[in-house]
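Biologist: Could you put the fold up on the screen? I've got a handful of questions to go through with you.

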Amino acid sequence: MNEVKKNFSKWLYWFLLAVAIILVYKFLDNFTTIGNAIGKFIGVISPFLAGALMAYLLYIPASRIEKKLLKSKKKFFKRRARGLSVFITFTLTILLIILLVNVILPVVTESVIELVNNFQNYWNTTINKLNELPEDSFLKNEKVTEAIKEIGDNIKNIDLKKYINPEKITEYVKGVLGVASGIFDVFVTVIVSVYILLQRTQIVEFFKNLAMAIFGKKACKKISEYVHNSNYIFFKFISGQLIDAVVVGILVTIAMSIIGVKYSILLGFMIGLFNIIPYFGAIVAVGLSILITVITGGLSKAFWMALIVIILQQIDSNIINPKIIGDSLEISPLLVIIAVTIGGAYFGVLGMFLAVPVAAVFKIIINDWIETKKAKVSDD
């Protein structure tokens, strides 16, 4: 009897292995068809994914508004705290988008187009000023002169007007907003995000019960702990970086407007936007801003602009940013630089932005694993 069972198990193993090989072969043989089917499915559910992402991003303001309403002495606000919080959050979001589209973007777009159209004139003026400098000037050094000439030649070879004009900028904006392209997709995205925010308690409870059923109580507790820590890190980092970017952008714009830097709104917007990427973003934005100011305003203006921006960046990195984000990440600058470099190499700008919170989550998991192993070694 045992021999029969043993032979049966053996034949069953080889049969399942053969079926698995056939399935893998069929999958690879029809990879294009399967890939197209998966792509189509993702396209169909993209409004739902976009809605979930929108709800995730709006969770913090909605939850904070809800807490404020629950503390109200009026029963009307207490009973309808969640619904009112979602309504207020979406209203503020729509107003912010309207402000961005109708006030800030037109000014920035106009500045970009004007800069591109007049760039050659600015560059020629800069070169003439450099030629007028005394022969013993640092900028008349042979290597510096060659570097400046090379930069100029490279810029001349790029047809900036081909990439930056009103039509192209409109295309870029549409591309950024193209996650949910049609009116129906936008409608579904908003509805899904509203329902997720309204029923988030039931949704979280469902996934907790599902995890409990699949993984068991102990594993579920650990998973819940990781999810909670990850959410906290992502919420704190993303919301903090966006707020910090707005604050830095406004401060830089005001400072540059006071000293009379041309395109101050454009440069402030650029520095604030790039500031969401740790370390690298600020360096690139300040470098570009200095170059643009040298061309449009001369060396003296660029020097004062650079000095003020560097002072503001130091105030931001040592006072403003820690106050907004706090010590939630608790990772070393070296790890931040490594994470941003890897994230940018594989996933572009979005990877650079999300690399830091992802690295922080991995750090928590690895530290927890190390502590668990150390505890087992101590017990042994």
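Biologist: Is Y263 buried or exposed?

Modeller: This is a predicted model, so take what follows as computed from it. The cut-off for buried is under 20% relative accessible area. Y263 comes in at 8%, so the residue is buried.

Biologist: Where in the chain does Y263 sit, and what is its phi?

Modeller: Y263 belongs to the loop between α10 and α11, the latter covering 264-274. Y263 is not a glycine, yet its phi is positive. The value for Y263 is about 60°.

Biologist: Moving on to α11, how is it oriented relative to α12?

Modeller: Two packed helices get described by the angle between their axes and the distance between the axes. Here the axes of α11 and α12 (residues 280-297) come within 8 Å and cross at roughly 165°. Angles over 145 degrees count as roughly antiparallel, so α11 and α12 are roughly antiparallel.

Biologist: And which hand does the crossing of α11 and α12 have?

Modeller: That's a separate label from the angle of roughly 165°. As α11 passes α12, the crossing is right-handed.

Biologist: What about A282, is it buried or exposed, and how far is it from Q313?

Modeller: A282 has its place in helix α12. Its relative accessible area is 17%, and under 20% means buried, so A282 is buried. Q313 is 31 residues away from A282 in sequence. C-alpha to C-alpha, though, A282 and Q313 are 7.9 Å apart.

Biologist: Which residue is 115 residues along the chain from I238, with the two C-alpha atoms separated by 8.6 Å?

Modeller: I238 lies in helix α10. At 13% relative accessibility, I238 counts as buried. The residue paired with I238 at 8.6 Å, C-alpha to C-alpha, is F353.

Biologist: Let's talk pockets: which element gives the largest share of the lining of the second largest pocket?

Modeller: That pocket holds about 1400 Å³ of space. It has 35 lining residues, and the closest to its centre are Y59, V204, V227, N231 and F235. Elements giving two or more residues to the lining are α2 (31-70), α8 (183-198), α9 (200-215) and α10 (217-258). The largest share, twelve residues, comes from α10.

Biologist: By class, how many nonpolar residues are in the lining of the second largest pocket?

Modeller: Sort the lining by class and you get seven polar and eight charged residues. The nonpolar count for this lining is 20.

Biologist: Zooming out, what share of the protein chain counts as buried?

Modeller: The secondary structure comes to 14 helices and zero strands, so from the N terminus on you read α after α. The chain has 380 residues, and the share of them that counts as buried is 29%.

Methods: Residues are numbered from 1 along each chain as its sequence is written. This is a predicted model: local features need pLDDT of at least 70, side-chain atom pairs count only at pLDDT 80 or more; totals for chains, interfaces and linings use all residues. Side-chain values use heavy atoms; hydrogens and water are left out. On a 1 Å grid over the protein atoms alone, a cavity is a set of points where a 1.4 Å probe fits but cannot get out, and a pocket is an open set with protein on both sides within 12 Å along at least five of seven lines; lining residues have an atom within 4 Å of a point. Grid points are joined across faces, edges and corners, and a volume is the space filled by probe spheres set on the points. Helices (H or I, at least four residues) and strands (E, at least two) are DSSP runs, numbered from the N terminus. Ala, Val, Leu, Ile, Met, Phe, Trp, Tyr, Cys and Pro count as nonpolar, Asp, Glu, Lys and Arg as charged, and the others, Gly among them, as polar. Buried means under 20% relative accessible area, exposed over 50%, partly exposed in between (1.4 Å probe, protein chains only). Axes are lines fitted to C-alpha atoms, for helices over the stretch in contact, and angles run from 0 to 180 degrees between N-to-C directions. Angles under 35 degrees count as roughly parallel, over 145 as roughly antiparallel, 65 to 115 as roughly perpendicular and the rest as oblique. A crossing is left-handed if the near helix is turned anticlockwise from the far one by less than a right angle, and right-handed if clockwise.
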